[in-house]
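Me: Please take a close look at one part of this model, the ligand site. Then walk me through a few single residues elsewhere in the chain.

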Amino acid sequence: MHFSGKNVLITGASRGIGAEIARVLAGYGLKVWINYRSSAEQADALKAEIEAAGGQAAVIGFDVADEQAFIDAIKTIVESDGELSYLVNNAGITKDKLAMRMSVADFEEVIRANLVSAFVGCREALKVMSKKRFGSVVNIASIVGETGNAGQVNYSASKGGMIAMTKSFAQEGAPRGIRFNTVTPGFIATDMTSGLKDQIKEAYIAKIPLGRFGEPKEVAETVAFLLSDGAGYITGETIKVNGGMYM
Ligand code: NAI
């Protein structure tokens, strides 16, 4: 894997898929900026782990749903490193309920945390990357943004919105040399899915041709490819990492 850029910001990177993306990208030689919202200790531990393995890492705490905080964070990174080479919008939440019981507040909270935050990240990245005419962004959406899912009208809308938004950013970024792509994970073994009851897990696994949940590393390697120079002719694309659950 070859990277011409120097650094990457990964949102929600103190655990789960985001932490694995940080490990993998640091392993490929990028300085990783680990964003966290409340888990400072976990973020510091990940930084130490990456440094012990010979990589470069920095920690940056902010709430991605806070527009000004996100803007300030990107400013801090550019002031420190002279640029932002890559961005991975990974932070995300769920607030599942059947639609008939879902309040507008429940709906808006998830849209703000998942979609509005990614919009702010993409917009700010496009501004700073345009100055260098170099950069690449990957947004982490979800299989349910492609298929829908009962109990997740808010989450699926946020992730489906990300897929469409990424294609629009790709069109605006292309003349400036900036690529935008989406990864749509299926069921991945992290905190987000560990709470599922065994019966429900088994029912999902029965629908997955590869017969298992995915590993965070399998998402991280796909993100690395999309960011890398090897994917230089790929933009506005959505790559499914779902074990064949939805083709
Ligand atoms: P996770 O819940 O383990 O990690 C999500 C991270 O985002 C956490 O560190 C959390 O603190 C952070 N975060 C949430 N809201 C934030 C905010 N406002 N500001 C800053 N950080 C915030 O979840 P996981 O599984 O690692 O998910 C990562 C991404 O992958 C999410 O966008 C999720 O929707 C997506 N995804 C996960 C799947 C799975 O099966 N685990 C499947 C499809 C998509």
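What follows covers the ligand site, then four residues in turn.

Reply: A caution comes before the details. This is a predicted model. Every value below is computed from it.

Start with the ligand. The ligand sits in the largest pocket. The helices that each give two or more residues to the shell around it are α1 (16-27), α6 (153-173) and α7 (191-194). Among these, α7 supplies the largest share of the shell, three residues. In total, 28 residues surround the ligand. The closest are Arg15, Asp63, Asn90, Tyr155 and Thr190.

Now the polar contacts. Thr190 uses its side chain: a polar atom there lies 2.6 Å from an oxygen atom of the ligand. Asn90 uses its backbone instead, with a polar backbone atom 2.7 Å from a ligand oxygen. Ile17 also contributes through the backbone, where an N or O atom lies 2.8 Å from an oxygen atom of the ligand. What does the protein do to the ligand surface? Taken alone, the ligand exposes 820 Å², and the protein buries 96% of that.

Next, strand β2, which spans residues 31-36. Two of its residues deserve a look, Asn35 and Tyr36.

Asn35 has a relative accessibility of 2%, so Asn35 counts as buried. Its side chain has polar partners on the backbone. One polar side-chain atom of Asn35 lies 2.9 Å from the backbone nitrogen of Gly12. The backbone oxygen of Ile60 lies 3.2 Å from a polar atom of the Asn35 side chain. Gly12 and Ile60 also appear in the contact list of Asn35. Leaving out residues up to four places away in sequence, that list runs from Leu9, Ile10, Thr11, Gly12, Ala13 and Ser14 to Ile60, Gly61, Phe62 and Val64.

Tyr36 is also in strand β2. Is Tyr36 buried or exposed? Tyr36 counts as buried, because its relative accessibility is 17% and the limit for buried is under 20%. Beyond four places in sequence, Tyr36 touches Ser14, Ala43, Val59, Ile60, Gly61 and Phe62. For scale, take Leu196. Tyr36 and Leu196 are 160 residues apart in sequence. Their C-alpha atoms are 24 Å apart in space.

Now two loop residues. Arg133 lies in the loop between α4 (104-132) and β5 (135-140). Its relative accessible area is 53%, so Arg133 is exposed. The cut-off for exposed is over 50%. The backbone of Arg133 merits a check too. Arg133 has a positive phi of about 50 degrees, although it is not a glycine. Most residues other than glycine have a negative phi.

Glu237 lies in the loop between α9 (216-227) and β7 (238-241). How does its exposure class come out? Glu237 counts as partly exposed, because its relative accessibility is 38%. Apart from residues up to four places away in sequence, Glu237 touches Phe180, Asn181 and Thr182. Compare its position with Ala13. The two are 224 residues apart along the chain, and their C-alpha atoms are separated by 23 Å.

To recap: the ligand is 96% buried by the protein. Asn35 is buried in strand β2, at 2%. Arg133 is exposed, and Glu237 is partly exposed.

Conventions. Residues numbered from 1 in each chain as written. Predicted model: local features only at pLDDT ≥ 70, side-chain atom pairs only at ≥ 80, totals over all residues. Heavy atoms only, no water. Helix = DSSP H or I, 4+ residues; strand = E, 2+ residues; numbered from the N terminus. Buried < 20%, exposed > 50% of the residue type's maximum accessible area, 1.4 Å probe, protein only. Contact = heavy atoms within 4.5 Å. Near = heavy atom within 4 Å. Polar contact = N/O pair within 3.5 Å; in protein donor to acceptor, adjacent residues only side chain to side chain. Areas by Shrake-Rupley, 256 points an atom, 1.4 Å probe, with all protein chains shown as cover. 1 Å grid on protein atoms, 1.4 Å probe; cavity = no way out; pocket = protein on both sides within 12 Å on 5 of 7 lines; lining within 4 Å. Sits in = over half its atoms within 2 Å of the grid points.
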